[in-house]
Amino acid sequence: MTNMNIVNGEFPSVRGRNLNRKKIKLPEELKGKMNLLLLAFFQNQQKTIDSWLNFASELEEKFNGLQYYEIPIIYKMNILNQLLLNESMRTSIKEKKIREKTITLYLEKSKFLDALKFDDESDIYTILIDKNGKILWKERGVYDSNKGKKLMECIEKYENNTNN
């Protein structure tokens, strides 16, 4: 596997809807000056997403201006099916803050994968972007302390460069 931490590129401009039913344009309307995106392509990848959540929450508390989001990527479907699926996800998540941080994208997956230079959708991707959508860091798969350390180093480096 190639080194996922060396990145170039930008997050494509896409539209989604969070589980509080608010339309959101990514990356433009994300709240952080840095945004950590946990991208999943299938429901059975939720456990892998969950492996990142405690660390993502800790980062959000530690770094002012960092926000994390869960981003389910689902194939394009008609609006009725989108609403039914979103409502199904919504009923399983009771906490308003988590609903706000879960933004579902319905799109052509292959074009999205190509735009981000991802190999496939067989695993999740965790990416860090700045407020303009520039990709600062990316990794795939389950969280481990080595990935967390590299992500933390990237965040600290970005903070130091933007504060000077």
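I129 of strand β6 has I135 in β7 as its bridge partner. Strands here are DSSP runs of E with at least two residues, and helices are runs of H or I with at least four, numbered from the N terminus. Two strands pair if DSSP finds at least two bridges between them. β6 and β7 (residues 135-140) are joined by 5 bridges and run antiparallel. Their hairpin has 4 residues between the strands, and G133 takes a positive phi near 95° there.

This is a predicted model: local features need pLDDT of at least 70, side-chain atom pairs need 80 or more, and totals for chains, interfaces and linings use all residues. Residues are numbered from 1 along each chain as its sequence is written, and side-chain values use heavy atoms, without hydrogens and water.

β6 also pairs with β3 (residues 34-40), antiparallel over 6 bridges. M34 stands opposite D130 of β6.

How many residues of β6 are buried? The strand spans residues 125-130, and 6 of its 6 residues are buried. Buried means under 20% relative accessible area, exposed over 50%, and partly exposed in between (1.4 Å probe, protein chains only). Y125, I127 and I129 point one way, while T126, L128 and D130 point the other way.

Now step back to the whole protein. It has 5 helices and 7 strands. Their order along the sequence is β-β-β-α-β-α-α-β-α-β-β-α. Of the 164 residues, 49% count as buried. Contacts (heavy atoms within 4.5 Å) often span the chain: among those between residues at least 6 apart in sequence, 70% join residues at least 24 apart.
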